[in-house]
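Colleague: I'm new to this one, so could you pick a single part and walk me through it slowly? I'd like a close look at how two neighbouring pieces of the chain meet.

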Amino acid sequence: MIPVRVEVAKNINIAAGGSYENRREILKKRTGAEIVIEALIKEGVDTVFGYPGGAVIPIYDVLYDTPRIRHIITRHEQAACHAADGYARATGRVGVCIATSGPGATNLVTGLATAYMDSIPVVALTGQVPTYMIGNDAFQEANITGITYSITKHNYLVKNVDELPCILREAFYIARSGRPGPVLVDLPKDVQNSSTSAPYPDEVKIRSYNPHYEGNPKQIKLAAREIDRSERPVIYAGGGIISSGASKELYEFAHHNNIPVTTTLMALGAFPEDDPLSLKMLGMHGTRYANYAICEADLIIAIGARFDDRITGKVSEFAPKAKIIHIDIDPTAISKSVKVDIPIVGDAKKILSRLTALTRGKKREAWHRKIAQWKEKYPLRYDKGKRLKPQFVVEKIYQVTKGKAIICTEVGQNQMWAAQFYCYTRPRNFISSGGLGTMGYGFPAAIGAQIGRPDEVVFDIAGDGSFQMNIQELATVSKFQIPVKVAILNNGYLGMVRQWQQLFYKGRYSQVDISGVPDFVKVAKAYGVEGIRVKKMEEVEPALKKALSIKGPVVMDFRIDREENVYPMVPAGAALYEIIDGLA
Ligand SMILES: Cc1ncc(C[n+]2csc(CCOP(=O)(O)OP(=O)(O)O)c2C)c(N)n1
């Protein structure tokens, strides 16, 4: 949570009213509910995901007369929040969701935490009991600002309708600026119903919140000098590259300096994985060559990444021979888990352009020879037997979509296979819950991504466990004919947990066998969605082609080899060089 206080709203009131339109609006009284819709229009929102209830009826009543804002009703508020998040990740715009007070608002919690951990701009609007009933344990009252305090970038309980325009303006600004994140605005019903002539501000000025975009020139020069000195540098790129829109600048910087690039899960596609400089993903299920390169590097250039434990492995042995440059918009991310030598706080896009201009551009041939050897010796691979392999399914999805689909994932083995065996070449085409690891995220996120980018093919690569966590959204895709293609890698297990139990708990499979039910094809059909079952290798390609030829949504149930594992793997707490393989 960032420290922004309500006094700020007064500053904005002074700054407000600048434009002619606003001055006219000063005279015009609108209800709180009308202001909410006015804010959505002014912030360029075309779609909201939500679920109505008593405490938000005034907002839904205004929506009824506002056809320019499309409302997608999900079947669970958690899905509405994930859909808003998927929409934001796919488009780069702010995703918006609405829920009623009490249980509606608490159902958003997992969605908000997911967006918070991955720095995704979402504005959540929740109904609240009337101000005069707050604290009385009123019907459907929950202290949602208290509950979401630590999982939102900021939140507001609006007590007075006069403050509402400023608060909504701030909410969108905070969500999308600096390090993005979710913002919740809690709207008591009487605030929605009362009126004000306060204008919607043109500008936002928040005294205690001023994200720093430029980067300190001295630090940038120091970094450039270190880069020119380095013989074995590696770029470690995180999700910040995507939120800053810095893919082009990253490409130019890497190629100008001949520096290999490894990305986190959050940054897949930020640098083209078919490029010779790509090392693909690093960390727990990253490539051997990316992890070895980190171990041998003399310089790590971390950009928009946060040294998450799934990346570093044993922190004390992360990049033991390297100096570390860390570029990040969020000063609190610097030296949080790994000590950094040259921090640069600012926007990745701007700083990368400066660094390209300031660096000489070295060849580093010996380093590239070494990396080529690792790539040759340790490619990503899997044992190809007679059984249907999940990696094979993902490779086929890549082939039939020609690498152009937006791939959303659930969590577990499916997520890692989707990350490893599809080749990502564009930003915003891989959408996954990285930080929180939320099962049930992928399907509603795919709905949001498809709404945001209607002309693209959108897949949810799922596990049979995760898909069941938001399976009710089949109603949403069916009703709106949202053409998401769900590919369930069905192993009848909570596969990732089973893998850990197999490898680290002597094969004692405790509560991970979920096989037998449901029949996903029948469930899909019950919702009016096409379902296809696939059991053999040779059926995979025809099934995928059939799914793509169908205009609406499709569920594919791939019955995969049940005990297939994700490799390579750095066991939890081990160093990156202790990566294991387990393949024949
Ligand atoms: C909401 C939630 N609950 C529990 C977990 C812990 N968890 C991580 S992976 C996993 C198994 C996922 O199973 P499935 O969706 O079938 O995918 P698979 O690993 O088999 O591909 C579980 C239970 C989680 N990440 N999220």
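Modeller: Sure, let's look at where domain 1 and domain 2 meet: they bury about 510 Å² between them, and 57% of that is on carbon and sulfur atoms. Keep in mind that this is a predicted model. To get your bearings, the domain assignment splits the protein into domain 1 (23–196), domain 2 (217–378) and domain 3 (390–559). I'll stick with the first two of these, whose C-alpha centres lie 37 Å apart. Each side brings 6 residues to the contact: 6 from domain 1 and 6 from domain 2.

Now zoom in on the domain 1 side. M117, D118 and R179 are the residues there that lose the most area to domain 2, and together they make up 69% of what that side buries. R179 is worth a second look, since its side chain meets that of D330 in a salt bridge, 2.7 Å from N to O. Across this interface, the rule finds 1 salt bridge. The count of residue pairs in polar contact between the two domains is also 1, with both residues at pLDDT 80 or more. As for the make-up of the domain 1 side that touches domain 2, its residues divide into 3 charged, 2 nonpolar and 1 polar.

Over on the domain 2 side, there's a record to go with the picture. An unreviewed UniProt entry places the feature "domain: Thiamine pyrophosphate enzyme central" at residues 221–355. That stretch of chain is 34% helix and 20% strand, and its end C-alpha atoms are 8 Å apart.

Note on methods:
Residues are numbered from 1 along each chain as its sequence is written. This is a predicted model: local features need pLDDT of at least 70, side-chain atom pairs count only at pLDDT 80 or more; totals for chains, interfaces and linings use all residues. Side-chain values use heavy atoms; hydrogens and water are left out. Domain bounds come from an automatic or database domain assignment. Contact means heavy atoms within 4.5 Å. Buried area is the accessible area (1.4 Å probe) that two parts lose on being put together, summed over both. A salt bridge is a side-chain nitrogen of Lys or Arg within 4 Å of a carboxyl oxygen of Asp or Glu. A polar contact is a pair of N or O atoms within 3.5 Å; within protein, one must be able to donate a hydrogen and the other to accept it, and residues adjacent in sequence count only if both atoms are side-chain atoms. Ala, Val, Leu, Ile, Met, Phe, Trp, Tyr, Cys and Pro count as nonpolar, Asp, Glu, Lys and Arg as charged, and the others, Gly among them, as polar. UniProt positions are given in the numbering used here, feature names are shortened, and annotations may be inferred rather than shown by experiment. Helices (H or I, at least four residues) and strands (E, at least two) are DSSP runs, numbered from the N terminus.
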